[in-house]
Amino acid sequence: MRIRYGMVGGGEGAFIGAVHRMAARLDDSFELVCGAFSSEAARALRSGAALGLPAARVYSDYETMLAREAALPTESRMQCVVIVTPNHLHLPVALGALARGFHVLSDKPATATLEQCRQLAAQLRGSGLHYGLTHPYSAYPMIREARARVARGELGAVRKVLVEYTQGWLTEPIDQGGGNKQAAWRHDPAQSGVGGCMGDIGVHAFQLAEFVSGLSVTELCADLRSVVAGRKLDDDGTVLMRFGPAASGTLIASQICAGDENSLRLRVYGERGGIDWQQMEPNSLWLRLLHGPAQLLRTGGAGTGAEAATVQRVPAGHPEGYIEAFGTLYREFALLLQQGGTTSVPGIGAALRGMAFVDTAVASSAAGCQWRALPDHQ
């Protein structure tokens, strides 16, 4: 049985909403039954019509959607709310959905501030409902392979984690003057929250570093900048990280690296070797051992394990990428709702960790790049 879901945000002109809908359809495990796609009624109706939804299931605001869907018969109402709005709406939509008995799958970051995320965690606690956060990079087959090899101790004790996520799309002030809504809201504190670049892509890099290394950041020292004149939030930053006493790392997140597309790279080094993965060459994972030849592991190729095979979709040699990884999160979340149990989908723990990272990085930078302890929400 498909999971019936409603979407908040993601109407015409939005980027990430379409990605979510494609991912939800990929395994035929979700069915879009309703939506509040825009705060503009006409735009919402056009968006719903383009998606083949009846006008009665297209709403002009999320409060109306939640109330009317909750009043429908159990067999036809939505079961899950997918949130793809600017950050400032993540908390109120999620709280409203949980209060009405709906599961929640949200785009990142979970909320606009750490305190809001704590509110969300408190509402979720004891509700019996599930919450998921879409960090799709953690669902690539070679990332699952890397995580498994680190967990098995193939690299030895982890000593160093290097992660960088650089883009160039905000090199110019396209967020100013009203010409690019996607850029504008990301640098409006009222909509984005406390973090700009760090809340947008830095949080992805942070989640990936902890997910693969199996370690938790305990302290950080951040240097965040607004390079383009007129921006109120960071568009570039470097963060030094400590994973307890034994390991350290560096996180670079920048959206002013002219010419870069989505250059996400993760390297993890242990006592006996290291791994190296890049999102723009996602089917490849380099394993370099201290006393042995370098090995190039490929999705579906010899030497890869069940962790990668479970999320591999096509025969070896065929490119798999972003949409497939996103689809894996939807498939795994559907299984969680249908069968319960454990899941690799980031949940409220990852949400709290991510917001603690953004909040602490902003505070550290504002205090002159001071080392700050990261609140532990494990």
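Two rings of Phe, Tyr or Trp, the last taken by its six-membered ring, pair if their centres lie within 6.5 Å; planes under 30 degrees apart count as stacked, over 60 as edge-to-face and the rest as tilted. The exercises below apply this and related rules to a predicted model.

**Exercise 1. Count the aromatic pairs, then classify the pair of Tyr 140 with Trp 277 and the pair of Phe 206 with Phe 357.**

Step 1. Under the ring rule, the count comes to 8 aromatic pairs.

Step 2. For Tyr 140 and Trp 277 the distance is 5.2 Å centre to centre, with 55 degrees between the planes, and the pair is tilted. Tyr 140 belongs to the loop between β5 and α6 (141-151), whereas Trp 277 belongs to strand β11 (residues 273-278), so that the pair links parts of the chain 137 residues apart. Both Tyr 140 and Trp 277 are buried.

Step 3. The ring centres of Phe 206 and Phe 357 are 4.6 Å apart and their planes stand at 10 degrees, and therefore this pair is stacked. Here too distant parts of the chain are linked, since Phe 206 lies in helix α9 and Phe 357 in helix α12 (residues 348-366), 151 residues apart. Phe 206 and Phe 357 are both buried.

Step 4. Ring pairs also join Tyr 137, Tyr 140, Tyr 165, Trp 277, Tyr 322 and Phe 326 into a cluster.

**Exercise 2. Find which charged ends sit over the rings of Phe 211 and Trp 371.**

Step 1. Over the ring of Phe 211 sits the charged end of Arg 147, at 3.9 Å from the ring centre.

Step 2. Over the ring of Trp 371 sits the charged end of Arg 242, at 3.7 Å from the centre of that ring.

**Exercise 3. Work out the strand order of the open sheet of 5 strands, and place β4 and two helices relative to its strands.**

Step 1. The strands are arranged in the order β2-β1-β3-β4-β5, and their pairing is parallel. The edges are held by β2 (30-36) and β5 (131-134); each has a single partner strand, so one side of each has no neighbour in the sheet. From one strand to the next, the twist averages 25 degrees.

Step 2. Strand β4 (residues 103-107) pairs with β5 in the parallel sense over 4 bridges, and Asp 107 stands opposite Thr 134 in β5. Strands β3 and β4 also run parallel and are joined by 4 bridges, with Ile 83 opposite Ser 106 in β4.

Step 3. In β4, 5 of the 5 residues are buried. The burial involves both faces, with His 103, Leu 105 and Asp 107 on one side and Val 104 and Ser 106 on the other.

Step 4. Helix α1 (residues 16-26) lies across β1 (3-9), β2, β3 (80-84), β4 and β5, and runs at about 175 degrees to β1. Helix α3 (residues 62-71) lies across β1, β2 and β3, running at about 125 degrees to β2.

**Exercise 4. Identify which members of the largest nonpolar core touch the most other members, and list the contacts of Val 212.**

Step 1. This core has 102 residues, and those that touch the most other members are Met 65, Val 81, Val 212, Leu 251 and Val 268. Helix α9 (residues 197-213) supplies the largest share of the core, 10 residues.

Step 2. Leaving aside residues up to four places away in sequence, Val 212 touches Ile 143, Ala 146, Arg 147, Val 150, Leu 266, Val 268 and Ile 275.

Notes: Residues are numbered from 1 along each chain as its sequence is written. This is a predicted model: local features need pLDDT of at least 70, side-chain atom pairs count only at pLDDT 80 or more; totals for chains, interfaces and linings use all residues. Side-chain values use heavy atoms; hydrogens and water are left out. A nonpolar core is a set of buried Ala, Val, Leu, Ile, Met, Phe, Trp, Tyr and Cys residues joined through side-chain atoms within 4.5 Å. Buried means under 20% relative accessible area, exposed over 50%, partly exposed in between (1.4 Å probe, protein chains only). Contact means heavy atoms within 4.5 Å. Two strands pair if DSSP finds at least two bridges between them. Axes are lines fitted to C-alpha atoms, for helices over the stretch in contact, and angles run from 0 to 180 degrees between N-to-C directions. A charge sits over a ring if NZ of Lys or CZ of Arg is within 6 Å of the ring centre and within 35 degrees of the ring normal.
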